[in-house]
Each structure stands twice: as C-alpha cells, then as structure tokens.
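Got the viewer open? Let's take a walk through this one, a selection at a time.

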Amino acid sequence: MKHEKNAPNSPAAPTLAQLAAGTPPPNAFDPVAEARGLETPDKDPDLCGPEGEVYAPDPLALAGARAHPLIAGTAVHLVTFGCQMNKYDSEMVAGLLNERGAGFVEDPAEAQLLIFNTCSVRGHAEDRVYGRLGALKARKRRDPGFLIAVMGCMAQKEGEHIAKRFPFVDLIVGTRQLHEFGQLLTRVREGAKTPLVAIEEKPDVQFGETVARRESKELAYLTVTRGCNKRCTYCVVPYTRGPEVSRPVAEILSEARRLVDDGVAEIMLLGQTIDTYGYDLGRDKANLPLLLKELHDVKGLERVRFITSHPEECQADLWRTMHDLGDKVMPFIHMPAQAGSDAVLRRMARGYTRARYLEVVAEARKLCPEIEIASDWIVGFSGESDADFAQSLSLLDEVRPQSSYVFKYSVREGTPAQRLPDDVPEDIKKERHRVLSERQEQIALEKNRERIGVVERVLVQGPSKTDPGRLTGRSRTHRLVHFAGGPEWAGRFADVKITGATALSLTGERA
Ligand code: SF4
C-alpha cells in the first residue's frame with residue numbers, strides 16, 4: 001500500500017463538557033459553511049442527488065490537446081453518491097479525464113475504470129459503497145487490468161480502512177487531491193503499488209483548471225469554496241473536506257465565461273457556507289455580494305444562484321444585492337434552520353438562536369421581498385424532547401419555507417455528537433419526520449397555489465421524465481414547472497402562465 005502523505009489538520013472538536021452544557025466550541029461561529037445530510041425522503045435531484053447516480057454525459061471521448069497515452073481510450077463508469085458538491089466533483093474529474101482522452105459508459109460491465117465518488121454524510125451511502133466494492137472482487141480477479149477508484153468524502157475519511165478491507169482497489173483519492181486524479185491514475189497505469197492512497201489534507205486546496213463536463217447543457221455547478229470552518233456537532237463535513245478555502249474571483253469568472261461559451265444559461269455556485277466566500281482571501285477583495293455583481297456582468301449568463309446559506313453569516317448587503325441584481329440573480333436561498341429549539345440548536349453548535357433565525361428571515365424578506373427560502377430540519381437529535389420538536393414545528397409555521405429537507409438524525413462516526421446519547425427512539429424520529437414533512441407539504445401547496453395566474457419565466461430542462469409530452473423547467477424562485485411543449489424548448493427560456501399547483505410543482509401553459 002502506498003501512501004501519499006497524511007497530515008491530518010481536522011478542526012478541533014468541542015469537548016464533551018461543552019456539548020453537555022450546550023456550549024458551542026470557541027470557534028463554532030467562525031466564518032463559513034453548510035452541509036447536506038442525514039436521511040432525506042425528498043428526491044429533488046437539484047438539491048440532493050439520488051444515491052448512486054451514474055455520470056453519463058456525451059459518451060464519446062474528447063481526446064483533446066492534453067490526451068494522455070495511458071488514459072486515452074479508457075472506458076470510465078462513474079457513480080456519484082451524495083450532494084451537489086459531489087456532483088460537481090464528479091463533473092470536474094470527468095472533465096479532467098475527458099481532456100486526457102477517456103470516454104464514459106453507462107454500463108459498468110463495459111468499463112475499464114470504475115469510479116465511486118462517495119459520501120460520508122449518511123451511513124447508508126457508505127454501506128452501499130462497501131457493498132458495491134465487495135461485489136467487484138471476483139471481477140478484479142478475472143480481469144486485473146480493470147481498475148477501481150474510490151474518491152470523495154469516504155476516501156478522505158476512511159481511505160486507509162478501504163485500502164485494508166478492499167486491497168484490490170487501485171486508487172483512493174480524498175477530497176483535497178481530486179485535481180490530481182489524472183496524474184494519480186497515470187501512476188497506477190505505470191505500475192505504482194496499489195492501492196495508491198492520496199488523502200493528504202492539503203491546506204492549499206486547488207480547484208483545478210478543467211471545466212467540468214456536465215450532464216446538463218443549460219445548467220452548471222461552479223464550486224466557489226471547499227471545506228467548512230463551522231463545527232456543527234452532527235456533521236462530518238469539516239472532517240472530510242477540511243477548513244474552508246475560497247477560490248479567487250478571477251478564476252471563478254474565467255470558469256463562468258467558459259461555461260457560458262459552452263452554452264450554459266444558469267450557474268449554481270456551491271459552497272458549504274457560501275456566505276463566507278472570500279473571508280480567507282480578504283473580505284474587501286472577495287465576498288459573495290461582490291462575486292454576484294461580477295457574475296451579473298458576465299455577458300450571456302442568464303441566471304445565477306447559490307447554496308448553501310448559513311443563518312449566522314447572511315448579511316443585509318447580500319439581500320440588497322440579490323434584489324438589485326434580480327434580473328439575473330435568482331431570489332432563492334437554501335438556509336437550513338435544522339431545529340426550532342434553542343437548547344437543540346446549542347447542542348448542535350449551530351451558532352444562532354431561533355430568534356436570530358427569524359430575524360434573518362425577516363430582514364431577507366424586507367430587503368428582497370421576492371425571495372423564497374428553502375430549509376433543512378433534523379428531527380430526533382440527541383435530547384430532543386416533545387417540547388423541542390414542537391418548537392421546530394412552530395418555527396416551520398412562522399417561516400413558511402417554500403420547501404424543506406427533513407432528516408432523521410443518525411450518529412456519524414467521528415463527529416462531536418457521537419459522544420452525545422442518540423436517545424430519541426427510532427419510531428419517534430419517524431413520527432416526527434412524518435409530521436414535519438406533512439406540515440411542510442401543506443405549506444408548499446398553499447404557497448404554490450398563490451402562484452396560479454402568475455406568469456413565470458422558466459428555464460426549460462427538457463421533457464418530463466414521467467410524461468415526455470410535457471416539458472419540465474425551473475422558475476426564478478426554483479419552483480418546478482411543467483407545461484406542454486416539444487423537445488426543441490430544452491435549454492431555452494419560456495414564459496409560462498401558471499394554471500395549477502401541487503406541493504411539489506406548478507403546471508401551466510405558454511403565455
Ligand atoms: S459543519 Fe455545519 S455549517 Fe459546516 S457543512 Fe456541516 S452542517 Fe454545514
């Protein structure tokens with residue numbers, strides 16, 4: 001087994017005494033981040049991709065100027081678990097391999113290189129990867145030239161364990177060395193000892209120069225920060241992705257321009273707590289409102305949005321900027337509340353109170369009245385009583401988000417909350433999950449009905465998966481809109497008069 005270098009610099013966890021007292025660790029409110037996580041019932045592919053999603057863009061290899069003799073012609077099958085940050089990473093690695101002449105296949109049986117981009121946020125996703133790796137052992141024995149790679153959060157967190165348990169895996173690449181995937185693969189093909197494990201926690205994370213190869217022509221992800229400086233006690237992200245590092249404005253603009261040249265109409269900026277973008281670069285030189293202004297001026301770019309917002313980090317300037325740049329910047333934010341009880345929020349070390357969350361929502365709606373808010377909620381966190389849960393429900397009622405992801409708490413290994421009792425019984429977690437989800441559904445239905453009669457500007461994604469005779473797209477506030485039309489509308493904007501609503505989507509006809 002060959003190790004690159006492993007110099008952990010994970011952020012300090014709060015002490016048990018701090019947790020028990022509900023005292024956040026000293027640096028819990030430092031600038032930065034937001035994670036996806038735990039157990040989602042919702043399958044909105046945009047906010048939380050389905051597990052085990054296969055990367056399947058243009059299957060043709062694009063042997064370009066950087067084609068590499070040891071990579072060109074390789075048939076790759078890439079499976080992505082987890083959130084959109086992982087999707088972006090997959091697209092980035094796919095772009096990088098594409099540049100070197102690799103192509104992508106949908107059938108894993110045809111692949112010469114199988115890559116799992118992994119997620120550590122949920123135990124279920126980890127188990128699925130372990131299951132799939134185990135199932136590949138016989139094939140690897142039959143065909144030693146067939147390569148297996150594991151990348152992403154599990155690789156970062158469990159790289160050594162994976163190497164020991166599955167010694168037939170060829171390459172393990174952590175979250176901070178993804179831009180080196182091509183060189184590492186070349187080393188494997190040159191005969192480096194395997195598993196080649198690259199999980200160094202580099203402080204100088206690079207974003208790479210490659211423009212991601214995307215599945216969607218009109219929509220692109222663009223990562224602007226990596227890592228997280230927060231210490232929410234349930235979350236594994238600070239330990240798998242390290243401290244926050246921002247990408248320079250010029251680099252982001254350059255990638256945005258290349259994406260627009262490639263036909264992209266909408267860019268979604270990604271960051272764990274995107275509101276703290278630029279803090280490590282000097283806040284006067286780089287910050288989210290400034291970045292939005294710069295992107296607003298990119299010719300040909302029609303829409304920009306961003307996720308994920310941390311309630312404690314959102315500033316009034318952001319709401320003003322969103323309102324002022326509303327012709328391009330979508331009035332939509334994803335700002336997880338996670339809980340409505342101050343006691344639970346303290347144990348989660350979220351860094352804000354219920355009252356503060358409400359203040360932030362009120363300010364956002366005052367300065368950017370058209371804004372819609374999506375949220376996340378965790379039910380059944382350590383010590384959550386019936387009264388605590390009732391406060392989550394009442395906060396949901398007060399905020400009335402457009403949509404919410406509701407997660408049942410489950411302990412993640414290596415997180416500070418692992419040292420707290422997981423003391424809410426599973427049946428109660430399930431029941432709270434049901435109650436909160438149904439309340440959100442009702443709110444979403446009421447809010448969507450308010451859109452009937454309104455003309456929405458929709459970026460058309462293409463034919464609906466369930467009814468090819470209808471088109472699917474997103475409104476400016478990120479609502480799903482269905483209407484009748486042909487495939488020629490894919491990637492274009494349409495004005496749609498809303499005639500019907502469900503909790504999940506709107507229907508309409510071209511205005
Ligand atoms: S630590 Fe908190 S802010 Fe950071 S990614 Fe996790 S949940 Fe989000």
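Which residue in E16 stands opposite Ser 375? Select Ser 375 and look across to E16: the residue facing it is Ser 404. Before going further, keep in mind that what you're viewing is a predicted model.

**Stop 1: the whole chain**

Zoom out and switch to cartoon. You'll find 14 helices and 21 strands in the chain. Colour by burial and 51% of the 511 residues come up as buried. If you like contact maps, take the contacts between residues at least 6 apart in sequence: 78% of them join residues at least 24 apart.

**Stop 2: strand E15**

Now select residues 372-379, which is strand E15. Eight of its eight residues are buried. Show the side chains. In a regular strand, they alternate between the two faces of the sheet. Here, Glu 372, Ala 374, Asp 376 and Ile 378 point one way, while Ile 373, Ser 375, Trp 377 and Val 379 point the other way.

**Stop 3: the neighbours of E15**

Add residues 332-334 to get strand E14, which pairs with E15 in the parallel sense over three bridges. One place to look is Phe 332, whose bridge partner in E15 is Glu 372.

Next, add residues 403-408 for strand E16, which runs parallel to E15 and is joined to it by six bridges. Besides the serine pair you began with, check Ala 374, which has Ser 403 as its bridge partner in E16.

With the three strands showing, you have an open sheet in the order E14-E15-E16, paired in parallel. E14 and E16 stand at the edges with a single partner strand each, so one side of each has no neighbour in the sheet. Look along the sheet and you can follow the twist, which averages 10° from one strand to the next.

**Stop 4: the helices around the sheet**

Select 426-449 for helix H14, which packs on the sheet and touches E15 and E16. The direction of H14 makes about 175° with that of E16.

Then bring up 386-399, helix H13: together with E15 and E16 it makes a right-handed β-α-β unit.

**Stop 5: Gln 402**

Click on Gln 402, in the loop between H13 and E16. Is Gln 402 buried or exposed? Gln 402 is buried, with 20 other C-beta atoms within 10 Å. Leaving aside neighbours within four places in sequence, its contacts are Glu 372, Ile 373, Ala 374, Ala 444, Lys 447 and Thr 477. Try a distance label too: the C-alpha atoms of Gln 402 and Phe 332 are separated by 9.4 Å, though the two are 70 residues apart along the chain.

**Stop 6: the largest nonpolar core**

Leave the sheet and centre on Ile 172 and Val 173. These have the most contacts inside the largest nonpolar core, a set of 123 residues. Helix H2 (residues 84-99) gives the largest share of this core, six residues. Colour domain 1 (2-198) and domain 2 (455-510) separately: both give residues to the core, so it lies between them.

To finish, show what surrounds Ile 172. Not counting residues up to four places away in sequence, Ile 172 touches Val 150, Ala 155, Gly 159, Ile 162, Ala 163, Pro 195, Val 197, Ala 198 and Ile 199.

Conventions:
Residues are numbered from 1 along each chain as its sequence is written. This is a predicted model: local features need pLDDT of at least 70, side-chain atom pairs count only at pLDDT 80 or more; totals for chains, interfaces and linings use all residues. A residue is buried if 20 or more other C-beta atoms lie within 10 Å of its own, exposed if 12 or fewer, and partly exposed in between; C-beta atoms are placed from the backbone. Helices (H or I, at least four residues) and strands (E, at least two) are DSSP runs, numbered from the N terminus. Two strands pair if DSSP finds at least two bridges between them. A crossover is right-handed if, with the strands pointing away from the viewer, the path from the first strand over the helix to the second runs clockwise. Axes are lines fitted to C-alpha atoms, for helices over the stretch in contact, and angles run from 0 to 180 degrees between N-to-C directions. Two residues are in contact if their C-beta atoms, placed from the backbone, lie within 7 Å. A nonpolar core is a set of buried Ala, Val, Leu, Ile, Met, Phe, Trp, Tyr and Cys residues joined through C-beta atoms within 7 Å. Domain bounds come from an automatic or database domain assignment.
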